[in-house]
Amino acid sequence: MADTIHLSRRNFIVATGATGLTIGILSACSQPTGDTEADAPDYSDLPPNPEVNAWVHIDHDDTVTVRIARSEMGQGTLTGLAQLVADELDCDWDKVTTEYPTPGENLARERVWRDFSTGGSQGIRGSQDYVREGAAAAKAMLIEAAANEWGVPASECTSENSIITHGPSGQTTTYGKVANAAAQLAPPLEVTVKDPSEWKIIGQPKPRLDTAEKLTGKQVYGADIQLDGMLSASIKQAPKIGATLASFDAAAVEGMPGVQKVVSVRNPFGEGNNAVAVIADTWWQAHKALQALPVEWQGGVDFSTAEFEAELDDGLTAEEAFVGNGGGDVAGAFANAAQVVEATYNMPFQNHACMEPMNTTALYTEDRCEIWCPTQNGEAALAAVSEASGLPIEQCEVYKIHLGGGFGRRGAPDYVQQAVMLAMEMPGTPIKLLWSREEDMIHGFFHPTTKGRVRGALDADGNLTGLHLRISGQSILAALIPQALQDGVDYATFQGLLPSGVDPRLEDQTLKYSFDNFLVDHAMRNPPVRPGFWRGVNLNQNAIYLECFMDELAYAAGRDPLEFRLAHLQDSPEAAAVLQAVADRSGWGSDDGKARGLCVMYGFGAYVAACAEVTVSDAGELKIDRIVAATDPGHAVNPQQIEAQVEGSFVYGLSAMLYGEITFEGGEVQEQNFDTFNSMRIAAMPEVETIIMPSGGFWGGVGEPTIAVAAPAVLNAIYSATGKRVRNLPIKDQNLRDA
Amino acid sequence: MATLKINGETVTVEVEDDTPLLWVIREQVGLTGTKYGCGIAQCGTCTIHINGSPVRSCVYPVGALTGDEEITTIEGLSEDASHPVQQAWAELDIPQCGYCQPGMIMAVSGMLNDTPNPTDEDIDAQITNICRCGTLARVRKGIKLAVEKS
């Protein structure tokens, strides 16, 4: 059919790379939003303009192509980063388009685009300085080129909306006309970026640049890649942790329709083969044959989440634990307490469950290996291609494709290495590896399981005089990045609970409450399950431990939970402000009979708060009626996209609270699809009102922090409705009236 | 072998009878707007219309078609994204990663074919698609805006 996406590799490059001729960049990410003028001049006989600099290319017709190093996975960074560039460049927003530079190009150009890794809510805040400076440099070069042409000082020229004006003479020209000359100039030695008061595009609720193609089915995801002569593969990995492939009977399926090859696949992270794949003409044929393939596995670990609870419980009271934060005299506070409150909370494993299952398309030849890949970390993917193929990294390339969800899962390169290994079985033939949903569920990098035991000392007046928060459970860094441990301590475990002024890398994850006598510590208990960075990461469970317990303390002290929290936020006016904002908007303290719960946290450099309103029926059924959320990310680049991220955070965070749980029996994941690992549907989705209150002066994250306040606010509201505390998640099978 | 009427065109494909319609649409017909999400009719990313009604194509064997059915995919919903649901989705900037949105749009437009003025209860009962990015709040607003535009 006419609309079929069927492009050869070269066509893919030519068809999508606006500046492919210049530097081989490809993967256009969005089209200009402005109308095409019917009588637009024809520039087709002019040679294409070179880039002005690494960040900006401008066509003769003034189309500005912004290079975006970070991956777009739904979080809107693509549009936000383009806003940063467009604002600093003074260009016409309606003529802005975007493209991904390739990781290979970044390597060849000495990492001119720096970090491609997209996680930790860092997309904008982690690159805004050099991205804006890059755009400011491009603008200076464009102005200088115009000034040179006119023989006037650049200081007499101004820029606005892609037009340069020489004030004294009134002459004007456009960016497109001087882009070639600008590209020949030396970049300025110094640039000054705009003061926030001068921003015209930053801070505006611009529509996303990538929406149009997402409404028509034209957006190509990794799973949709189609190359000439391509074959498709379905893979089955050892269902049991640590098991390896013993044998399989390829002959049993080789005669099935479309089947080309049945191959064993090496474990990307360990010894031996741990998977088998069928390569066929179509994915469905490959998958059907794989289901019919007789396979034997051997070895593995008999891990059970139910049994592991005993280890977590042991950690809750163990003598030895790593200290994350603390001060004062905790023992003394408890010895002198009028009342001691204690609670233990339990958090299960979670799967990321991106809507688009893991996939990569790879093409291997003797001297080159290329992949088409939805990845959160293009450079790590490039390294994985080199490692798996055995080719020097300069002979490898990664073409990034928009992600059908990431949430932290697509930073890992396991599926990349597998695709390369499959492609090496058939040199010269592109192979698309697409995991089934079951593979995606079973072979996740799971949000770790932890328990939290919190004890609080109250004096006779209901003041909090001592607090001990013990985390027991898995360290992500110990499993994935052991070199990041400091004397064995995983400080990331303490996200949201850390002291200020100790580690600048974790300054965006600090505790904003002030406590006199307190201790936060971690008894590391690592199961043989591979953990991962799951949207919000450790902030999620720490918010439950801290903020559900602050609620418990407030009620035990007979104090208002808002007032109780504010009493400990005297040193953080920003945190107090977001909390007060949700309280005010929600009607906290009114006598309207609604059951409400609060939560406030600081994480990923942003202050966030939520107030939830719930109804619990006599039969124990929960309805989340309304959420009021506030966020102070410092600077708000695109308020309507921040709103979208905040709304979405409640879907992700509350899906986990309501249903999300990965359990193991006999070393095997029990929840293998959405029938047993459910996700929130629209019927359960509350109305969300978002208050964006940027206080300026800092750059905070957006995509993750609000996840953490979702569950605690609702759990605290459930208590307000029922008088019962839910401390074990998920809620799914619990009767809230019997909790 | 199967003959399908899809987006107004008749297509004949060489395929096993038990192949899910989703994979016929994606791999034989070559229309990749319809997505694979779960394969067990849970998530709704594969939603298409058969004779105007929403169907989860991942569990619909192509052999169950008679050849007379009018199949519509996201690519055939409108020529130029002008369907009221697409217009509403653009106006509210609903998609995030967008992977589930073709299925979401087809589920909503299919519902509106039968229920042009859905109540919130109708929406709760009939729109059960999963969106992990979490566009659900805007989806409800989008449905109401699409009704206004219809």
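This is a dialogue on reading a predicted model, with most of the attention on chain B.

Student: Where do I start with chain B, and how many helices and strands are there in it?

Tutor: Start with the secondary structure. Chain B has five helices and five strands. Along the sequence their order is β-β-α-β-β-β-α-α-α-α.

Student: What does the radius of gyration say about chain B?

Tutor: The value is set against the one for a compact globule. For 150 residues that would be near 15 Å, and chain B has 15 Å, so the two agree. Along the principal axes, the C-alpha atoms of chain B fill a box of roughly 40 × 25 × 25 Å.

Student: What share of the residues of chain B is buried?

Tutor: Burial is judged by relative accessible area, with under 20% counting as buried. In chain B, 62% of the 150 residues meet this. The accessible surface of the chain is about 5,200 Å², and carbon and sulfur atoms make up 46% of that.

Student: What share of the contacts in chain B joins residues 24 or more positions apart?

Tutor: Among contacts with a separation of 6 or more, the share is 56%.

Student: How far apart are the mean positions of the positive and negative charges in chain B?

Tutor: Chain B carries 10 positive and 20 negative charges, and their mean positions lie 12 Å apart.

Student: Which residues of helix α2 in chain B are buried, and what covers them?

Tutor: A helix is read residue by residue. In α2, residues 84–91, the buried ones are B:Pro84, B:Val85, B:Gln86, B:Ala88 and B:Trp89. Their cover includes α3 (101–114) and α5 (136–149) of chain B. After α2 comes B:Asp93, with a positive phi near 50°.

Student: Is B:Arg138 buried or exposed, and what is it in contact with?

Tutor: B:Arg138 sits in helix α5 of chain B. Its relative accessible area is 7%, so it counts as buried. Beyond its neighbours within four places in sequence, its contacts fall in both chains: A:Gln640, A:Gln641, A:Glu643, A:Ala644 and A:Glu647 in chain A, and B:Leu92, B:Asp93 and B:Ile94 in chain B. B:Asp93 is the residue with positive phi mentioned for α2.

Student: How many disulfides does the structure have?

Tutor: The test is whether two cysteine sulfurs lie within 2.5 Å. Over all chains the search finds zero disulfides.

Student: Why is B:Cys46 not bonded to B:Cys58?

Tutor: The sulfur of B:Cys58 is the closest cysteine sulfur to that of B:Cys46, but the distance is 3.8 Å, which is too far for a bond. B:Cys46 is buried, at 2% relative accessibility. For A:Cys157 the closest cysteine sulfur belongs to A:Cys91, 18 Å away, so a bond is again ruled out by distance. A:Cys157 is also buried, with a relative accessible area of 8%.

Student: How far apart in space are residues that are distant along chain A, such as A:Val628 and A:Ala713?

Tutor: Sequence separation and spatial distance are read as two values. A:Val628 and A:Ala713 are 85 residues apart along the chain, and their C-alpha atoms are separated by 9.9 Å. A:Val628 belongs to strand β24, residues 622–632, and is buried at 1% relative accessible area. Its contacts outside four places in sequence include A:Val582, A:Cys611 and A:Ile691.

Student: What about A:Gly587 and A:Thr361?

Tutor: They are 226 residues apart along the chain, with 52 Å between their C-alpha atoms. A:Gly587 is in the loop between α16 (573–586) and β22 (595–603) of chain A, and counts as partly exposed at 21% relative accessibility.

Definitions and conventions:
Residues numbered from 1 in each chain as written. Chains lettered and ligands numbered in written order. Predicted model: local features only at pLDDT ≥ 70, side-chain atom pairs only at ≥ 80, totals over all residues. Heavy atoms only, no water. Helix = DSSP H or I, 4+ residues; strand = E, 2+ residues; numbered from the N terminus. Rg over C-alpha atoms; globule rule 2.2 N^0.38 Å. Buried < 20%, exposed > 50% of the residue type's maximum accessible area, 1.4 Å probe, protein only. Contact = heavy atoms within 4.5 Å. Areas by Shrake-Rupley, 256 points an atom, 1.4 Å probe, with all protein chains shown as cover. Lys, Arg positive; Asp, Glu negative; His and termini not counted. Charge placed at Lys NZ, Arg CZ, Asp CG, Glu CD.
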